[in-house]
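Colleague: Please take a close look at the side-chain pairing in this model, rings and charges alike. I would like one connected account, with the burial of the partners wherever you have it.

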Amino acid sequence: MTSKSSRETQEQLDALKDKFDAMGQNLDHQLEGFVHSKPVNYWDYIQVDALLSLQNQRTLLPDEMVFIMYHQINELLFKMILWEIEQVAYEPELTTEFFSEKLNRISRYFDMLTSSFTIMREGMNMEQYLKFRRTLSPASGFQSAQYRFVEFGSTELLNLIDARFRKDFAQEDEADPLYYDKAVEHLYWQAAGKDFQTGDKSYTLKAFELKYKEDFIRFLKRYKTLNLWARFKTLPLSDQKDATLLAAMRHYDYTVNITWVMSHYHTALHYLNQGKEPLEATGGSDWVKYMHPKYQKRIFFPDLWSEQERAEWGQNI
């Protein structure tokens, strides 16, 4: 028993030495550090105190706290999704099994996001919401940079261009130094904050771009060949026909661009469509045409859908 235990301990020490040698680190120094390290508690590991200090209301209305925490949970889930996308992007030996597993994980995260809209739709007092929402203006969920990164990491840039301009933008020269600036100006979500007749942008959109535009362009350039659709097209043709992977890709595409979007849409409809005309969103966006998939026809993996499926995308739902 002792001999086996000693052997296992030595094997673990050898493995640690190999690990730290590869890092150019001294194992003895690391072991000395372990001696002085303190035990890890749940509250320290999860950073509970810091996490629970991040909810700061702008009004005295109790249900604003629900609104704040709900959106913070969304952002944490977006971070989980980006973590999975990054693993596919940088996997050196991508297999259909690995790809499918990651896509199914992401879809489950979006399933959680989709079902969670009942917290917003049924879990907030209507009167309170219609009061505190004005205090939030001009902030808008439209300004979630992480969700934009999820989209950029999922598909080719052209598939995120406003449907009205997609055909013309396809003729743009990628060698043009202003290509990505032009692309950002024509992304579908510009419809949420830009009047294309006057060219004027809302404060919400201008502030969003001032904060994140450079980050978006850097990400788009980096993920040009690393996004999920691009990585799929690098697989051998036989792998591109793998039934499990194709099902996972179609499910992810539909889950994000139809199921989740429509759940979000119906929640917005519940709170903002209080009269003959929908109320303006807090950021002043034309939220109906921005959100409903039948207008923008956002499809991450268009070649995996038939011509009829693409034409009817977002209709009859």
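Modeller: A residue is called buried when its relative accessible area is under 20%, exposed when it is over 50%, and partly exposed in between. With a relative accessible area of 29%, K182 is therefore partly exposed. The model is predicted, and the values below are computed from it.

K182 is a reasonable place to start with the charges. Its salt-bridge partner is D176, and the closest N and O atoms of the two are 2.7 Å apart. D176 is also partly exposed, because its relative accessible area is 23%. Side chains of opposite charge can pair when their charged atoms come close. Across the whole structure, a search finds 18 salt bridges.

Two more of these bridges can be set beside that one. D162 and R164 meet through their side chains at 2.9 Å, N to O. Here the partners fall into opposite classes: D162 has a relative accessible area of 1%, so D162 is buried, whereas R164 has 52% and is exposed. The other bridge joins K131 to E127 at 3.4 Å, N to O. K131 and E127 both belong to helix α8, residues 126-136, and they are four residues apart, about one turn of the helix. K131 counts as partly exposed because its relative accessibility is 49%; E127, at 54%, counts as exposed.

The loop between α8 and α9 holds P138. A cis peptide bond joins P138 to S137, with omega at about 10°. Most residues other than glycine have a negative phi, and most peptide bonds are trans. On the phi side, two residues other than glycine have positive values: Q47, near 60°, and K297, near 50°. Q47 is in the loop between α3 (42-45) and α4 (48-51), and K297 is in the loop between α16 (293-296) and α17 (307-311). Q47 counts as partly exposed because its relative accessibility is 47%. K297, with 23%, is partly exposed as well.

Back to the charges, there is also a network of salt bridges, which links D181, E185, K201, E209 and K213. One member, D181, leads on to the rings: its C-alpha atom is 9.9 Å from that of F216, and the two residues are 35 apart along the chain.

F216 is found in helix α12. Its contacts, not counting residues up to four places away in sequence, are A145, R148, F149, F152, W189 and F208. Of these, F149 is taken up next as a ring partner. The whole structure has 32 aromatic pairs according to the search. The ring centres of F149 and F216 lie 5.3 Å apart with their planes at 75°, so this pair is edge-to-face. It links distant parts of the chain, since F149 sits in helix α9 (residues 145-152) and F216 in helix α12 (residues 203-222), 67 residues apart. F216 counts as buried because its relative accessibility is 1%. F149 has 16%, so F149 counts as buried too.

Ring pairs also build a cluster, made of Y70, F78, F110, F117, Y147, W229, F232, Y252, W260, F300 and F301. In the largest nonpolar core, which has 71 residues, the ones with the most contacts inside it are I81, F99, F110, F152, W189 and Y252. Helix α14 (residues 243-272) gives the most to this core, with 12 residues. F110 and Y252 thus appear in the ring cluster and in the list of residues with the most contacts in the core. F152 and W189, from that list, are contacts of F216. In soluble globular proteins, nonpolar side chains tend to be buried together. For I81, the contacts beyond four places in sequence are I106, Y109, F110, L113 and V150.

Rings and charges meet in two further places. The charged end of R250 is over the ring of W305, 3.9 Å from its centre. K211 lies over the face of Y212, and there the distance to the ring centre is 5.8 Å.

Notes: Residues are numbered from 1 along each chain as its sequence is written. This is a predicted model: local features need pLDDT of at least 70, side-chain atom pairs count only at pLDDT 80 or more; totals for chains, interfaces and linings use all residues. Side-chain values use heavy atoms; hydrogens and water are left out. Rings of Phe, Tyr and Trp (its six-membered ring) pair if their centres lie within 6.5 Å; planes under 30 degrees apart count as stacked, over 60 as edge-to-face and the rest as tilted. Helices (H or I, at least four residues) and strands (E, at least two) are DSSP runs, numbered from the N terminus. Buried means under 20% relative accessible area, exposed over 50%, partly exposed in between (1.4 Å probe, protein chains only). A charge sits over a ring if NZ of Lys or CZ of Arg is within 6 Å of the ring centre and within 35 degrees of the ring normal. A nonpolar core is a set of buried Ala, Val, Leu, Ile, Met, Phe, Trp, Tyr and Cys residues joined through side-chain atoms within 4.5 Å. Contact means heavy atoms within 4.5 Å. A salt bridge is a side-chain nitrogen of Lys or Arg within 4 Å of a carboxyl oxygen of Asp or Glu.
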